[in-house]
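Subject: Structure handover

Hello,

Here is the structure I said I would pass on. Please look through it first; my notes follow below it.

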Amino acid sequence: MRRLLVAGNWKMHGSRDMAAALIGDIVSATDNLQAADVIVCPPFPFLGLAQKLLADSPVALGGQNISEHQQGAYTGEVSAPMLVEFGCRFVIVGHSERRTLYGENDASVARKFAAAQRSKLIPILCVGETLEERERGETEAVVLRQVQSAVDVAGVEAFADAVVAYEPVWAIGTGRTASPEQAQEVHALIRQKISEQDDTIAGDLRILYGGSVKASNAVSLFGMPDIDGGLIGGASLDGDEFLSICRARG
Ligand code: PGA
């Protein structure tokens, strides 16, 4: 049985005080969080504070993005080694907001995936179709192309230390969640695609669902056989709600 993994993607929200309060709530509840591996992904400026507050906690820290480069003249970018210095074990790569708003594509996301692993960060590779792509019947082709482009660059063995997050773009921040059956169907396709290349790695791979996950729908989503947790945006900014999601078991 793959262990449930719940990651909170704060996006560009909050303040230093909010970050301290939210992490305080999560840390004080961790004794009751045996069911899941929990990650918080605050904005970069709050990582130092988060690292301090999470020092003796099983809650892990993640970045929301990285540069594909290790260092150099890349104004405004943050490298994987820098995230490691701030205690990050995970990093989100290829979030749909990065793809649509900042021009990231399969090739650059795959390079970020590889850059994360070079620094021993576990990448959380986000994939997902837009509403138009779903309506055109292209969901499978789009999602599997996004997964395969990371396999092509990093090798299937890289997925032994990676996480995939299926996030249908139409469900992110919209309140419109994929049904557990819709999500399960895509998760099974992703696992199948990896399993054609390495069955053992596919069996152990954690595939998260993201897109308007809340405490009220987490149990039914996490109850599906190929949904191994969630990437939580909006609901991760509310300590009680996020903790309820972390405790949800199918
Ligand atoms: P949401 O965001 O939970 O607010 O839909 C998910 C995400 O963007 O990772």
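How many nonpolar, polar and charged residues are there in the lining of the second largest pocket? That lining has 15 nonpolar, three polar and six charged residues. Before the rest, please note that this is a predicted model.

The second largest pocket

The space in this pocket comes to about 360 Å³. Its lining is made up of 24 residues, and those closest to the centre are Arg 3, Asp 37, Arg 89, Phe 90 and Arg 206. Three elements give two or more residues each to the lining: strand E2 (36-41), strand E4 (88-93) and helix H9 (199-204). Strand E2 has the largest share, with four residues.

The largest pocket

About 510 Å³ of space lies in the largest pocket. It has 20 lining residues, and Lys 11, Met 12, Gln 64, Arg 98 and Tyr 102 are the ones nearest its centre. Helix H4 supplies the largest share of this lining, namely three residues. By class, the lining residues are nine nonpolar, seven polar and four charged.

The ligand

There are 13 residues around the ligand, and the nearest of them are Lys 11, His 95, Glu 167, Gly 173 and Ser 212. The shell consists of four nonpolar, seven polar and two charged residues. Lys 11, already listed among the residues nearest the centre of the largest pocket, is thus also listed among those that come nearest the ligand.

Three contacts to oxygen atoms of the ligand can be picked out. In the side chain of Glu 167, an N or O atom is 2.7 Å from a ligand oxygen. For Ser 212 the distance is also 2.7 Å, but here the protein partner is a polar backbone atom. Gly 233 likewise uses its backbone, with an N or O atom that lies 2.9 Å from an oxygen atom of the ligand. On its own the ligand has 290 Å² of accessible area, and the protein covers 96% of that.

The cavity

Searching the whole structure gives one cavity of 30 Å³ or more. The space in the largest cavity is about 30 Å³. Its lining is formed by Gly 94, His 95, Ser 96, Arg 99, Cys 126, Val 127, Gly 128, Glu 167 and Val 169. Helix H4 (96-101) and strand E5 (122-127) are the elements that give two or more residues to this lining. The lining residues divide into three nonpolar, four polar and two charged. Two names recur here: His 95 and Glu 167 line the cavity, and both are also among the residues that come nearest the ligand.

Salt bridges

The structure has 14 salt bridges. One of them joins the side chains of Arg 2 and Asp 226, at 3.8 Å from N to O. The two residues are 224 residues apart and belong to distant parts of the chain. Arg 2 is in the segment before strand E1 (4-9), and Asp 226 is in the loop between helix H10 (215-222) and strand E8 (229-232).

Regards

Key
Residues are numbered from 1 along each chain as its sequence is written. This is a predicted model: local features need pLDDT of at least 70, side-chain atom pairs count only at pLDDT 80 or more; totals for chains, interfaces and linings use all residues. Side-chain values use heavy atoms; hydrogens and water are left out. A residue is near a molecule or strand if one of its heavy atoms lies within 4 Å of it. A polar contact is a pair of N or O atoms within 3.5 Å; within protein, one must be able to donate a hydrogen and the other to accept it, and residues adjacent in sequence count only if both atoms are side-chain atoms. Accessible areas come from the Shrake-Rupley method with a 1.4 Å probe; for residues, only the protein chains shown count as cover. Ala, Val, Leu, Ile, Met, Phe, Trp, Tyr, Cys and Pro count as nonpolar, Asp, Glu, Lys and Arg as charged, and the others, Gly among them, as polar. On a 1 Å grid over the protein atoms alone, a cavity is a set of points where a 1.4 Å probe fits but cannot get out, and a pocket is an open set with protein on both sides within 12 Å along at least five of seven lines; lining residues have an atom within 4 Å of a point. Grid points are joined across faces, edges and corners, and a volume is the space filled by probe spheres set on the points. A salt bridge is a side-chain nitrogen of Lys or Arg within 4 Å of a carboxyl oxygen of Asp or Glu.
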